[in-house]
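Colleague: I am new to this one and would like to know how the labels on it are earned. Could you take me through them?

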Amino acid sequence: MKLYIKYMVSLRCKMVVKDALENLGLQCVIVDLGLVEIIGDLSPEIRDELKIILLKAGLELMDDKKAVLIEKIKTIIVEMVHYTDELPKVNYSDYISEKMGMEYTHIAKIFSEVKGITIEHFIIAHKIERVKELLLYDELNLTQISYMLNYSSVSHLSQQFKKVTGLTPSFFKQLKDKKRIALENVGIV
């Protein structure tokens, strides 16, 4: 049985969910970002217990089909931007469409209706958050970061960074109190 979990965006979340399932005596086949597959079905009582445990951890068990679709899209984007060494060289729309097994126009329409933001803007918000992270690590220069995140140039990255944050990447790097956004809150309007 597949379960979809909202706000599951990190390895820590995966560990929390796996522990919760094991504590409830459920066997996991897969524990991935936003998706868990267990052996067997959930009784209503166990489902309610799982919901409570997940809510305490800031996670949410989802039932609504649109919400599940949105979480799948968000998970694909988070994995693509934050957990790969290099972004795919194909159009993001093609990449997401292929991963979802659905037409991109359909996916984009539902995403925009539910989230109030386009997929493109959601990706940009995550890319900028990834730039912030990489700037904080101070291991790569801006040219390397722009290449890694598929920007056409350092100038393009800098313009987009300033548009989203109000700061240049250089100024952000110099700040003592660097503001980052938790992944589950990136792209929230």
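Colleague: What makes the contact of Asp63 and Arg47 a salt bridge?

Modeller: This is a predicted model, and in it the side chains of Asp63 and Arg47 come to 2.6 Å, N to O. The cut-off for a salt bridge is a side-chain nitrogen of Lys or Arg within 4 Å of a carboxyl oxygen of Asp or Glu, so 2.6 Å qualifies. The structure holds 8 salt bridges.

Colleague: Why is the pair of Asp63 and Arg47 said to tie parts together?

Modeller: Asp63 sits in the loop between strand S4 (60–62) and H3, while Arg47 belongs to helix H2 (residues 44–56), so the pair ties together parts that are 16 residues apart in sequence.

Colleague: Thanks! Now the rings: why is the pair of Phe111 and Phe122 called edge-to-face?

Modeller: Their ring centres are 5.4 Å apart, and their planes stand at 70 degrees. Rings pair if their centres lie within 6.5 Å, and planes over 60 degrees apart count as edge-to-face, so both conditions are met. Phe111 is in helix H5 (residues 104–115) and Phe122 in helix H6, so this pair ties together parts that are 11 residues apart in sequence. The structure holds 2 aromatic pairs.

Colleague: How do you know that there is a cavity, and what lines the largest cavity?

Modeller: A cavity is a set of points where a 1.4 Å probe fits but cannot get out. By this rule, counting those of 30 Å³ or more, there is 1 cavity. The largest cavity has a volume of about 50 Å³. Its lining includes Tyr7, Met8, Phe122 and His126. Phe122 thus turns up here as well as in the ring pair.

Colleague: Which helices supply at least two residues of that lining?

Modeller: Helix H3 (65–82) and helix H6 (119–137) each do so. H3 gives the most, with 3 residues. By class, the lining of the largest cavity divides into 7 nonpolar, 1 polar and 3 charged residues.

Colleague: And what makes the largest pocket a pocket and not a cavity?

Modeller: A pocket is an open set of points, whereas from a cavity the probe cannot get out. The largest pocket has a volume of about 310 Å³. It is lined by 16 residues, and Leu33, Lys72, Thr75, Ile76 and Glu79 lie nearest its centre. The elements that give two or more residues to this lining are H3 and helix H4 (92–100). H3 gives the most here too, with 7 residues. The classes come to 8 nonpolar, 3 polar and 5 charged.

Colleague: What makes Val29, Ile30 and Ile39 a surface patch?

Modeller: Patch residues need over 30% relative accessible area, and nonpolar side chains are joined within 5 Å. Val29, Ile30 and Ile39 make a nonpolar patch of about 250 Å². Val29 lies in strand S2 (residues 28–32).

Colleague: How many helices and strands does the chain have, to round off the picture?

Modeller: The chain has 9 helices and 4 strands. Along the sequence they follow the pattern β-α-β-β-α-β-α-α-α-α-α-α-α. The C-alpha trace spans about 55 × 40 × 25 Å along its principal axes.

Terms used:
Residues numbered from 1 in each chain as written. Predicted model: local features only at pLDDT ≥ 70, side-chain atom pairs only at ≥ 80, totals over all residues. Heavy atoms only, no water. Patch = residues over 30% accessible without salt bridge, like charges linked within 9 Å, V, L, I, M, F, W, Y side chains within 5 Å. Areas by Shrake-Rupley, 256 points an atom, 1.4 Å probe, with all protein chains shown as cover. 1 Å grid on protein atoms, 1.4 Å probe; cavity = no way out; pocket = protein on both sides within 12 Å on 5 of 7 lines; lining within 4 Å. Points joined across faces, edges and corners; volume = space filled by probe spheres on them. Nonpolar A, V, L, I, M, F, W, Y, C, P; charged D, E, K, R; others polar. Phe/Tyr/Trp six-rings, centres within 6.5 Å; stacked < 30°, edge-to-face > 60°.
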